[in-house]
Amino acid sequence: MTTSAHLPPPAAPSPAGPAPSSHGPFALLNDEPVAGPGEDLLGAGRAARQLAGLLVASRASTPITLAVDAGWGMGKSSLMRLVDAEPAQAPEVHNAWTSQGADALEGLIKSVLMRFDRRVLRRALQRLSERRALLRAVRAVTTIAAGPFGAAGLVDELWRTLSVDSQARNEMRGAIGDLVQEWSQTEGFLPRRLLVVFIDDLDRCSEETVLAVCEAVKVYLDVPGLAFVIGCDRSALAPNGLLRDLSPASSAFMEKIFQTSYRIPVADQEGVREYIRRCARTVGIDQLLDERLTTMLAERSARNPAASSVW
């Protein structure tokens, strides 16, 4: 994805002045992840297809959590978007991207709940209301009947019901598991439906947010029918990194969050050189680059795509 800014035309030179430049208009590149396969300059599509196939084939083994592991600028977000685009072609696979707000635990769980059909949410709320106190049951039944309020109102009420006290928190995993099971085994979807949840840039979050996301994934959303793809630099989440104060037990818990990891390989020299050439053509400076300068940029960037496009 690119954004362009056309430079104003140069002032007309005086007869004695230099000739106007033949280059331009120029454009600026941002560092947004690719939006689709057509923007895949580094050939990550093959890995995306394989990871997507792995997720779909593993639906019977859910819950599963896959880490897309790499340092800054190595293409984690782009690869995750390409994976997102792959299984979306199958009607039994649904994808959801999450954004982290002030309360990561609440935000993540609500993001997942929002992907389910309203009728499934209503029935889940009805089941919960039967086990709640009278006042909460009355409010829940009112919400169930209020169809025009849509899924957001149902999700808010589900969260209030599930998070009201410690007893309700203990019931949360079972309630969400029942909801996901009903959704995933809906008649007409064979094999079972799968919800793939993408969480990006976990290693850029605060320690509190990281732990809240891990709590949500491992404690409350660890149910069949859900798969998580988490983009992060796993070395940054180690006890000597972002999570400095983890006890040995907490460190072991973090290791159990991920069933498997895909470590993005460092691009080869020619791949980075070709990436630099394509970027140069996009911004309009390809005539300013010769092979020697292209090679130097590739070497100085340590084959990091993001670093190689910052000149």
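**Cysteines, cores and a helix pair**

Cys214 is buried, at a relative accessible area of 2% (buried means under 20%, with a 1.4 Å probe and protein chains only). The model is predicted, so local features need pLDDT of at least 70 and side-chain atom pairs pLDDT 80 or more, while totals for chains, interfaces and linings use all residues. Residues are numbered from 1 along each chain as its sequence is written, and side-chain values use heavy atoms, without hydrogens and water.

Cys232 is likewise buried, with a relative accessible area of 0%. The sulfur of Cys214 has its closest cysteine sulfur in Cys232, 8.5 Å away, which is too far for a bond. The search of the whole structure accordingly returns 0 disulfides (pairs of cysteine sulfur atoms within 2.5 Å).

Turning to the interior, the largest nonpolar core has 48 residues, and Ile109, Phe116, Leu221 and Leu226 touch the most other members. Such a core is a set of buried Ala, Val, Leu, Ile, Met, Phe, Trp, Tyr and Cys residues joined through side-chain atoms within 4.5 Å. Helix H8 (207–220) is one of the elements that supply at least two residues; its share, 7 residues, is the largest. Helices (H or I, at least four residues) and strands (E, at least two) are DSSP runs numbered from the N terminus. Beyond neighbours within four places in sequence, Phe116 is in contact with residues including Leu121, Trp183 and Leu226 (contact means heavy atoms within 4.5 Å).

Terms used: Buried means under 20% relative accessible area, exposed over 50%, partly exposed in between (1.4 Å probe, protein chains only).
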